[in-house]
Amino acid sequence: MTAPTTPSAARPTPTILGVGAALPAQLITNAQLVARLDTSDEWIVRRTGIRERRHLEAAESLAALTATACAGALDDAGHQAAEVDHLIIATITPDRLTPGLAPAVAARLGAEHAGVVDINAACAGFLYGLDQAAALIESGRARHVLVCGAEALSRITDHEDRATAVLFGDGAGAVLVGPGAPGRGIGAFEFGYDDGLADTLYAERDVRRLQMAGQQVYRHAVARMTEATQQVLARNGVSVAEVDYFVAHQANARIVSAVADALGVPHEKVSFNVEWTANTSAASIPLALAAAERDGLLAPGSLVGMVAFGAGFVWAAGLASWKDTVTQPQRST
Ligand code: ACO
């Protein structure tokens, strides 16, 4: 048994070192849904911003897709699977009820020394994982933590219900969190919940289909994500203008737009990745981060604001530095 490490005076500052994403090959366009449901491309795009989503085939595993996203994050960071101390996977749709996804994903990666755990906080799950990863690194209990959001929402969607069938997709995204340069690091998070509204968004254990009172969820999503972002900025002493890029949970482009407008964030600093993925619950934020990195919207040292809201209701907001590994030389006076 290894002795617990004692936090030293110079606590490691966690940062996001790398990002990876994986989407299933099977593409489901709005046109395909229009062919079998009473809906239209115009309605879906105008009300949600969604143009396409991906679904796993019945024979495919979410674990394999998730391992691809994690391998991408390790590769992007230039680290090996053997260096991973913990693998935290946020999901509401593991391949089996038990075991969770994490052991199978770790085995596929060859992360033989990793602690492995699944967590469930619906759409906010990835941010809970990121907070826990930051705490593990700051305390000295871990050096590298893979945090992943992975969902196969197509497996709990009623594909005959036009009100929900158009909204959900599958995918996996991951980040490697590790020690960075002293600086902002991964700041204090804000978390909240409202169990009184649990019946507006849920799936039962036996009837495994997402049920949603869309308009109620919409209103609360905008209000809670706006408040939580304002709180997390205030708590960390950061202004809206100091944040380089914002990722809100990708449920609906109108929700993201309303939150950005309420906060006063220009839309060019905001992710609208929902267009290409639909709502992927816990996977939505890391998928959006990977897309932003691919599109050159993030740079080493960028400060990223993130906020999520979903079933529970459970919400979370946080700030993270992006690939902030280079200590700036002290200026001589
Ligand atoms: N195509 C055409 N018409 C439709 C469709 C469709 N796919 N779906 C619903 N409609 C109709 C409705 O039947 C209704 O018709 P009616 O006026 O004749 O009764 C009309 O469109 C308006 O329906 P609303 O539900 O009021 O539509 P709204 O503009 O609210 O959009 C939506 C619905 C997209 C679901 C929106 O409410 C929303 O995005 N809600 C929040 C989703 C969310 O944030 N989820 C959180 C996370 S999910 C998770 O945790 C896994």
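In which sense, parallel or antiparallel, do strands S6 and S7 pair? Before I answer, let me say that what we have in front of us is a predicted model, and that I will go from the sheet to one of its residues and then to the ligand.

Strand S6 and strand S7, the latter covering residues 170–180, pair in the antiparallel sense, and eight bridges join the two. As general background, the strands of a sheet pair through backbone hydrogen bonds, in either a parallel or an antiparallel way. If you would like to find one of these bridges for yourselves, go to Val147, whose bridge partner in S7 is Val175.

These two strands belong to an open sheet of five strands, which runs in the order S1-S7-S6-S4-S5 and has mixed pairing. At its edges are strand S1 (13–22) and strand S5 (115–119), each of which pairs on one side only. From one strand to the next, the twist averages 20°.

Helices pack on this sheet as well, and I will take two of them in turn. Helix H3, residues 62–77, touches S1, strand S4 (86–90), S6 and S7, and its direction makes about 130° with that of S1. Helix H5, residues 125–139, packs on the sheet too, touching S1, S4, S5, S6 and S7, while its direction makes about 170° with that of S6.

Let me now turn to a single residue, Val145, which lies in strand S6, the stretch made up of residues 145–152. Is Val145 buried or exposed? Val145 is buried, because its relative accessible area is 0%, and the cut-off for calling a residue buried is under 20%. Leaving aside residues up to four places away in sequence, Val145 touches His86, Ile88, Ala133, Leu136, Ile137, Val175, Leu176 and Val177. Of these contacts, Ala133 is one to look at in the structure, since Val145 and Ala133 are 12 residues apart in sequence, with their C-alpha atoms 5.8 Å apart in space.

Finally, the ligand, which is surrounded by 25 residues, the closest being Thr39, Arg47, Cys123, Gln215 and Asn252. A nitrogen atom of the ligand lies 2.6 Å from a polar side-chain atom of Thr39. In the side chain of Asn252, an N or O atom is 2.7 Å from an oxygen atom of the ligand, and for the side chain of Arg162 the distance from an N or O atom to a ligand oxygen atom is 2.9 Å. As for cover, the ligand on its own has 1,000 Å² of accessible area, and the protein covers 76% of that.

Notes: Residues numbered from 1 in each chain as written. Predicted model: local features only at pLDDT ≥ 70, side-chain atom pairs only at ≥ 80, totals over all residues. Heavy atoms only, no water. Helix = DSSP H or I, 4+ residues; strand = E, 2+ residues; numbered from the N terminus. Buried < 20%, exposed > 50% of the residue type's maximum accessible area, 1.4 Å probe, protein only. Contact = heavy atoms within 4.5 Å. Pairing = 2+ DSSP bridges. Axes fitted to C-alpha atoms, helices over the stretch in contact; angles between N-to-C directions. Near = heavy atom within 4 Å. Polar contact = N/O pair within 3.5 Å; in protein donor to acceptor, adjacent residues only side chain to side chain. Areas by Shrake-Rupley, 256 points an atom, 1.4 Å probe, with all protein chains shown as cover.
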